[in-house]
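Trainee: I would like to take a close look at one part of a model, and then see how that part sits within the rest of the chain. Could you go through it with me carefully?

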Amino acid sequence: MLTGYDLLAKVKELGDVSKSDLVRSCGYVSTKKDGGERLNFTAFYEALLEAKGLSLGSDGVGRGKGGRKLSYTATVQGNGNLLIGKAYTAMLDLKPGDEFEIKLGRKQVRLIPAGGVDEEE
């Protein structure tokens with residue numbers, strides 16, 4: 001299976017061929033139990049995206065090789081909610097149901113895990 005620069009070069013070289021031929025030519029083929037061939041489109045497209053600098057890595061934090069970098073900013077949504085995002089909660093290993101105490105300061109918001117100690121006090 002081709003990856004990175006080699007994958008991009010092969011895709012460019014093949015030009016206007018069918019998607020099936022493109023996936024097959026780049027090596028994204030496996031054999032089924034009955035001996036037939038299975039084209040691995042998902043693996044091909046993930047490798048293609050990664051080769052172009054966008055990672056869909058399993059870590060879920062949006063920081064793959066050359067992928068989109070975290071901005072460490074949040075925007076208040078139209079409904080007034082402040083969304084932090086999955087990438088940040090994954091970095092902090094937060095799980096659904098985790099509770100926090102909200103501490104408001106001058107133009108700042110601190111989240112303290114429920115039952116935790118506020119280091120600022």
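Is lysine 107 buried or exposed, and at what relative accessibility?

Mentor: Bearing in mind that this is a predicted model, lysine 107 counts as exposed because its relative accessibility is 89%, where the cut-off for that class is over 50%. Lysine 107 is found in the loop between β3 and β4, the latter covering residues 108-113, and its backbone deserves attention, since lysine 107 has a positive phi of about 55 degrees although it is not a glycine. A positive phi of about 55 degrees is also found at aspartate 93, again not a glycine, and aspartate 93 lies in the loop that runs between α4 (86-91) and β3 (100-105).

For a contrast with the exposed lysine, turn to valine 23, which is placed in helix α2, residues 19-25. Valine 23 counts as buried because its relative accessibility is 0%, the limit for that class being under 20%. Leaving aside neighbours within four places in sequence, the residues in contact with valine 23 are Tyr28, Val29, Leu39, Asn40, Phe41 and Phe44. As for backbone spacing, the C-alpha atoms of valine 23 and tyrosine 45 are 8.8 Å apart, with the two residues separated by 22 positions along the chain.

One of the contacts of valine 23 is Val29, and this residue is placed in strand β1, residues 29-31. Valine 29 counts as partly exposed because its relative accessibility is 31%, a value that falls between the 20% and 50% limits. With residues up to four places away in sequence not counted, valine 29 touches Val23, Arg24, Glu37, Arg38, Leu39 and Asn40, so that Leu39 and Asn40 appear in the contacts of valine 29 as well as in those of valine 23, given that contact means heavy atoms within 4.5 Å. The C-alpha atoms of valine 29 and phenylalanine 44, which are 15 residues apart along the chain, are separated by 9.4 Å.

To place these residues in the whole, the chain has four helices and four strands, which follow the pattern α-α-β-β-α-α-β-β when read along the sequence. Of its 121 residues, 16% count as buried, and valine 23 belongs to that class. Among contacts between residues at least 6 apart in sequence, 22% join residues at least 24 apart. The accessible surface of the chain comes to about 9,600 Å², and 52% of that surface belongs to carbon and sulfur atoms.

Conventions: Residues numbered from 1 in each chain as written. Predicted model: local features only at pLDDT ≥ 70, side-chain atom pairs only at ≥ 80, totals over all residues. Heavy atoms only, no water. Helix = DSSP H or I, 4+ residues; strand = E, 2+ residues; numbered from the N terminus. Buried < 20%, exposed > 50% of the residue type's maximum accessible area, 1.4 Å probe, protein only. Areas by Shrake-Rupley, 256 points an atom, 1.4 Å probe, with all protein chains shown as cover.
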